[in-house]
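Please look at the sequence and the structure together before reading on, and keep both in view as each part is introduced.

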Amino acid sequence: GKGFEDLSFTGEEEEEQQMMMNAESGGGEDGEWVKLTCTMDSGSAENALPVECFDKVPLVPTDKVGKKYLAANGGSIVNEGEKNIKCVTDVGIPIEVKFQVAKVCKPLISARKLSKAGHKVVLEEWNPRIISPQGFITPLRISGGVYVIDLWVRRRYGEVKKPFTWQ
């Protein structure tokens, strides 16, 4: 659905919420859900996903393919296509996130994209959160000194692969 441009509700709330409850209890490595922790990025124009993530979700070629983005380290990274990831927030709200796929080292959610779509992104010390146009509140947390959001994705879409492993 079009919903909020890049973040849209799927409308299967109750069913998904029930599944989340089941997932919580069934948890563990072989649970039905994988956690996708995304960094909330005020400096990114796009939601970005590492190439290796969710290999079972089709990579959609768009007119942005080949477009270069400036990486935080000053280098450039190339858009390799788009993936629409269906997920559920920590509070059980089903959303679909449109990610641009590139050789980034971690998934990024663009604060600017959220704002443009009518969300309020509150990056504060004690209660960081996203408030949707409908008033739904999605909590953020601070991890490694940055704001992150935890999203839950069905394992059947693949895994959250770490691009680099330090030995």
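The paragraphs below go from the chain as a whole to one strand with its partners, and then to a single residue in a loop.

The model shown here is a predicted one, and its protein chain contains 2 helices and 13 strands. Of the 167 residues in the chain, 43% are buried, while the accessible surface comes to about 9400 Å², with 54% of that area belonging to carbon and sulfur atoms. If we take the contacts in the chain with a separation of 6 or more, 66% of them are made by residues that lie 24 or more positions apart.

Strand E6, which covers residues 81-89, is a useful place to begin, and 7 of its 9 residues are buried, so that the strand is mostly covered. Which strands pair with E6? One partner is strand E7 (residues 94-102), which runs antiparallel to E6 and is joined to it over 8 bridges; within this pairing, Lys-86 stands opposite Glu-96 of E7. The hairpin that E6 and E7 form has 4 residues between the strands, and in this hairpin Gly-92 takes a positive phi near 85°. Another partner is strand E13 (residues 146-154), again in the antiparallel sense, over 2 bridges, and here Val-88 has Trp-152 of E13 as its bridge partner.

Turn now to Asn-47, which is found in the loop between strand E2 (33-41) and strand E3 (48-50). Is Asn-47 buried or exposed? Because its relative accessibility is 3%, and buried means under 20%, Asn-47 counts as buried. A polar atom of the Asn-47 side chain lies 2.8 Å from the backbone nitrogen of Ser-110.

Technical notes:
Residues are numbered from 1 along each chain as its sequence is written. This is a predicted model: local features need pLDDT of at least 70, side-chain atom pairs count only at pLDDT 80 or more; totals for chains, interfaces and linings use all residues. Side-chain values use heavy atoms; hydrogens and water are left out. Buried means under 20% relative accessible area, exposed over 50%, partly exposed in between (1.4 Å probe, protein chains only). Contact means heavy atoms within 4.5 Å. Accessible areas come from the Shrake-Rupley method with a 1.4 Å probe; for residues, only the protein chains shown count as cover. A polar contact is a pair of N or O atoms within 3.5 Å; within protein, one must be able to donate a hydrogen and the other to accept it, and residues adjacent in sequence count only if both atoms are side-chain atoms. Two strands pair if DSSP finds at least two bridges between them.
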